[in-house]
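Hi,

Here is the structure I said I would pass on. Have a look at it first, and then read my notes below.

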Amino acid sequence: MIVVVLAGAIYAVLTLDFNRFNKERYYIQITQDGEKIEDRLDNGETMVRYGYKVDAIKEDGKHKELEFSANKQLRKGAYLMLYVNKEGEVTSYDEVSKKDMPKDAS
């Protein structure tokens, strides 16, 4: 019995994406390029990411101003589902199709 529980716990840890698990979901459409952000690492390398400030919408129609960054310039016209934690931080995102968007979002 203990082996089964332990195996289940290990499987859960390895397969659950905690950046998406138990998060609120907001939706956006990318309409403009992100702002280029360059961070210098301790080893002298420069890391480039792109910052976005968006008005996102939940399925219930609630709007929220969110900021997040991506490691690449996101495609204009792309529809995204943003995963947002209780502190209002975007922890991850997935590209979705237009039909998956809330009615008021597109």
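Let's start with the strands. S2 and S3 run antiparallel and are joined by six bridges. One pair to look for is Asp-39, which sits opposite Met-47 in S3. The two strands S2 and S3 make a hairpin with five residues between them, and Gly-44 in that turn has a positive phi of about 95°. Bear in mind as you click around that this is a predicted model.

S3 pairs with S4 as well: these two also run antiparallel, with eight bridges joining them. Their hairpin has five residues between the strands, and there Gly-61 takes a positive phi near 90°. Across this pairing, Tyr-52 has Phe-68 in S4 as its bridge partner.

Now for the inside. The largest nonpolar core has 16 residues, and the ones touching the most other members are Ile-28, Tyr-52, Leu-66, Phe-68 and Leu-82. At least two residues of this core come from each of S1 (24-29), S3 (46-57), S4 (63-70) and S5 (79-84). S3 gives the most, with four residues. There is another core apart from this one, made of seven residues that include Tyr-27, Tyr-79, Tyr-83 and Val-96.

Two members of the largest core are worth a click. Setting aside residues up to four places away in sequence, Tyr-52 touches, among others, Ile-30, Gln-32, Leu-66, Phe-68 and Leu-74. Then go to Leu-66, which is in strand S4. Is Leu-66 buried or exposed? Leu-66 counts as buried because its relative accessibility is 2%, and the cut-off for buried is under 20%. Again leaving out neighbours within four places in sequence, its contacts include Tyr-26, Tyr-52, Val-54, Leu-82 and Val-90. Leu-66 and Asp-55 are 11 residues apart in sequence, yet their C-alpha atoms are 6.4 Å apart in space.

Last, the pocket. The largest one has a volume of about 330 Å³, and 22 residues line it. Those lying nearest its centre are Gln-32, Tyr-52, Lys-53, Val-54 and Asp-55. S1, S2 (35-40), S3 and S4 are the elements that give two or more residues to this lining, and S3 gives the most, with seven residues. By class, the lining has 10 nonpolar, six polar and six charged residues.

If you want one place to begin, try Tyr-52: it is among the core residues that touch the most other members, and it is also one of the residues nearest the centre of the largest pocket.

Cheers

Notes:
Residues numbered from 1 in each chain as written. Predicted model: local features only at pLDDT ≥ 70, side-chain atom pairs only at ≥ 80, totals over all residues. Heavy atoms only, no water. Core = buried A, V, L, I, M, F, W, Y, C linked by side-chain atoms within 4.5 Å. Buried < 20%, exposed > 50% of the residue type's maximum accessible area, 1.4 Å probe, protein only. Contact = heavy atoms within 4.5 Å. 1 Å grid on protein atoms, 1.4 Å probe; cavity = no way out; pocket = protein on both sides within 12 Å on 5 of 7 lines; lining within 4 Å. Points joined across faces, edges and corners; volume = space filled by probe spheres on them. Nonpolar A, V, L, I, M, F, W, Y, C, P; charged D, E, K, R; others polar. Pairing = 2+ DSSP bridges.
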